[in-house]
Every structure is written in structure tokens, then in C-alpha cells.
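I set out to record here what I looked up in this structure, entry by entry. The sequence and the model come first, and my notes follow.

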Amino acid sequence: DVMETCTNSMEVMLEMAKTGLPASISDAGVGALCARAAIRGAHLNVKINAADLDDRAFIDDIFTKAETLSQKAKQMEADILALVEEKM
């Protein structure tokens, strides 16, 4: 849930970086950095907590979802920071 919520929040930050007030552009960048840190931390938690589970299908599914969200967040962070740097 944390990974999904933070990834969704990055959609807002991306729009902020695209169309927000110039004075708040750095806020979009800082938000992206914070959200990605939370996503990475949650991904670590998924890995450690799932290690004790017995349901291999569930583990594979949750690992796939977590990896997908992690990669999406990584790309979104790069996109947001590129926009921030461009506009500063």
C-alpha cells in the first residue's frame, strides 16, 4: 500500500513540475525524492517480510508488483527531477 500510495503521489508531483508555480518547482523535486525514498524503504520491507511466507504464488505476485512499482517510481523521479532542473 505504501508503494502504491507514494507512486500515485508522484503523479501529482509530475504535474506540479509541469504546470505548477515556478516558485514551487523545487517542492516537486523534493517531494519526488521523499516519495522515492519511501518506496525504496517499503520495497525492502516487502522483501524481508515476504521471506517468512509459505505461499510461493503470493510471494511471486507481490515481488513482481513491488518491482514494477519500484521501477516506475525510479523513472518518475528521473522525469520529475529533469523537469525541475530544466525550469530552475
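Entry 1. In which helix do Lys65 and Asp61 lie, and how many residues apart are they? I noted beforehand that the model is a predicted one. I found both Lys65 and Asp61 in helix α3, four residues apart, which is about one turn of the helix. I then looked up their side chains and recorded a salt bridge, with the closest N and O atoms 3.3 Å apart. An α-helix has 3.6 residues a turn, so residues three or four places apart point the same way. For exposure, I noted Lys65 as partly exposed because its relative accessibility is 47%. Asp61 is likewise entered as partly exposed, at a relative accessible area of 36%.

Entry 2. I turned to helix α3 as a whole. The helix runs over residues 56-87 and has 32 residues. From the first C-alpha to the last I noted a reach of 46 Å, close to the 46 Å expected at 1.5 Å a residue. At the N-terminal end I found Asp55 as the cap of α3. A side-chain oxygen of Asp55 lies 3.2 Å from the backbone nitrogen of Ala57.

Entry 3. Which residues of α3 are buried? I listed Ile59, Ala66, Leu69, Ser70, Ala73, Met76, Glu77, Ile80, Leu83 and Val84. I also asked what covers these buried residues, and the cover includes α1 (2-19) and α2 (25-50).

Entry 4. I followed Glu77 from that list of buried residues. Glu77 forms a salt bridge with Arg36, and I noted 2.6 Å between the closest N and O atoms. Glu77 lies in helix α3 and Arg36 in helix α2, so this pair ties together parts that are 41 residues apart in sequence. Are Glu77 and Arg36 buried or exposed? I recorded Glu77 as buried, and Arg36 as buried too.

Entry 5. I next examined helix α1, where Glu15 and Lys18 both lie, three residues apart, or about one turn of the helix. Their side chains meet in a salt bridge, at 3.7 Å from N to O. I entered Glu15 as partly exposed because its relative accessibility is 40%. Lys18 is also partly exposed, with a relative accessible area of 42%.

Entry 6. Finally, I looked up how many salt bridges the model holds, and the count comes to five. Among them are the pairs noted above: Lys65 with Asp61, Glu77 with Arg36, and Glu15 with Lys18. As a general remark, I added that side chains of opposite charge can pair when their charged atoms come close.

Note on methods
Residues numbered from 1 in each chain as written. Predicted model: local features only at pLDDT ≥ 70, side-chain atom pairs only at ≥ 80, totals over all residues. Heavy atoms only, no water. Helix = DSSP H or I, 4+ residues; strand = E, 2+ residues; numbered from the N terminus. Expected span 1.5 Å × (residues − 1). Buried < 20%, exposed > 50% of the residue type's maximum accessible area, 1.4 Å probe, protein only. Contact = heavy atoms within 4.5 Å. Polar contact = N/O pair within 3.5 Å; in protein donor to acceptor, adjacent residues only side chain to side chain. Salt bridge = Lys/Arg side-chain N within 4 Å of Asp/Glu carboxyl O.
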